[in-house]
Amino acid sequence: MSGFKAYKACVPIAWSPNLYITLVRGIPGTRRLHRRTLEALRLGKCNRTVMRWNTPTVRGMLQQVKRLVVIETEEMFKARKENEAKHRAIRPPLVVSHLPAPASVPPQQAA
């Protein structure tokens, strides 16, 4: 599964005052300008998420490195985190018994 598909959320994209930016592609092999942009966004390692205000400056920086990052709104980010928490929730243990099932006693017929 690609990094982008892993961060897709099931909510429609809407305008948000905050943007959640996740680095999903590696930094080695990228242009120096892109590395400097990621450094300015405080994205140093893959799968790290930062929250930035939705301003024209930040959107311009994201336009420059759009193939390296995934951008989510607050609603999308919260929905993804809920799904991850639901997936990691503790489930009841599965009990498997290898003993033969006890023979059931047939009911007594009334005479």
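This report describes the fold, the sheet, the salt bridges and selected side-chain contacts of one predicted protein model.

**Overall architecture**

The protein contains four helices and three strands. Along the sequence these elements follow the pattern α-β-α-β-α-β-α, beginning and ending with a helix. Of its 111 residues, 26% count as buried. The exposed surface amounts to about 9,000 Å², and carbon and sulfur atoms supply 58% of that area. Contacts between residues at least 6 apart in sequence are dominated by distant pairs: 75% of them join residues at least 24 apart.

**The sheet and the helix packed on it**

The three strands form an open sheet in the order S2-S1-S3, with antiparallel pairing. Strand S2 (49–53) and strand S3 (69–72) are the edge strands, each pairing on one side only. On average, neighbouring strands of this sheet are turned by 30° against each other when direction is ignored. Strand S1, which covers residues 18–23, pairs with S2 in the antiparallel sense over five bridges. Within this pairing, Ile21 stands opposite Val50 in S2. Helix H4 packs on the sheet and touches S1, S2 and S3. The direction of H4 makes about 105° with that of S3.

Thr22 also belongs to strand S1. Its relative accessibility is 0%, so Thr22 counts as buried. The side chain of Thr22 nevertheless has a polar partner: a polar contact of 2.8 Å links it to the side chain of Thr49. Thr49 falls within the range of strand S2 (49–53).

**Salt bridges around Glu84**

A search of the whole structure finds four salt bridges. The table lists those in which Glu84 takes part, with the N to O distance of each.

| Salt bridge | N to O distance |
|---|---|
| Glu84 and Arg80 | 3.2 Å |
| Glu84 and Lys81 | 3.7 Å |
| Glu84 and Arg88 | 3.9 Å |

How are these partners placed along the helix? Glu84 and Arg80 lie four residues apart in helix H4 (residues 74–88), so about one helical turn separates them. Lys81 and Glu84 are three residues apart in H4, again about one turn of the helix. On the other side in sequence, Glu84 and Arg88 are four residues apart in H4, also about one turn. Salt bridges that share partners join Glu72, Arg80, Lys81, Glu84 and Arg88 into one network.

Which members of this group are buried and which are exposed? Arg80 has a relative accessible area of 6%, so Arg80 is buried. Glu84, at 25% relative accessibility, is partly exposed. Lys81 is likewise partly exposed, with a relative accessibility of 39%. Arg88 reaches 65% relative accessibility and therefore counts as exposed. The charged partners of Glu84 thus include a buried residue, Arg80, a partly exposed one, Lys81, and an exposed one, Arg88.

**The surroundings of Gln64**

Gln64 lies in helix H3, which spans residues 56–64. At 33% relative accessibility, this residue counts as partly exposed. When neighbours within four places in sequence are left aside, Gln64 is in contact with Leu33, His34 and Thr37. With Thr37, the contact includes a polar one between the two side chains, at 2.7 Å. Leu38 is 26 residues away from Gln64 along the chain, and the C-alpha atoms of the two residues are separated by 9.7 Å.

**Summary of the picture**

The model combines an open sheet in the order S2-S1-S3 with helix H4, which packs on that sheet. Glu84 of H4 forms salt bridges with Arg80, Lys81 and Arg88. Two side-chain polar contacts complete the description: Thr22 with Thr49, and Gln64 with Thr37.

Terms used: Residues are numbered from 1 along each chain as its sequence is written. This is a predicted model: local features need pLDDT of at least 70, side-chain atom pairs count only at pLDDT 80 or more; totals for chains, interfaces and linings use all residues. Side-chain values use heavy atoms; hydrogens and water are left out. A salt bridge is a side-chain nitrogen of Lys or Arg within 4 Å of a carboxyl oxygen of Asp or Glu. Helices (H or I, at least four residues) and strands (E, at least two) are DSSP runs, numbered from the N terminus. Buried means under 20% relative accessible area, exposed over 50%, partly exposed in between (1.4 Å probe, protein chains only). Contact means heavy atoms within 4.5 Å. Accessible areas come from the Shrake-Rupley method with a 1.4 Å probe; for residues, only the protein chains shown count as cover. Two strands pair if DSSP finds at least two bridges between them. Axes are lines fitted to C-alpha atoms, for helices over the stretch in contact, and angles run from 0 to 180 degrees between N-to-C directions. A polar contact is a pair of N or O atoms within 3.5 Å; within protein, one must be able to donate a hydrogen and the other to accept it, and residues adjacent in sequence count only if both atoms are side-chain atoms.
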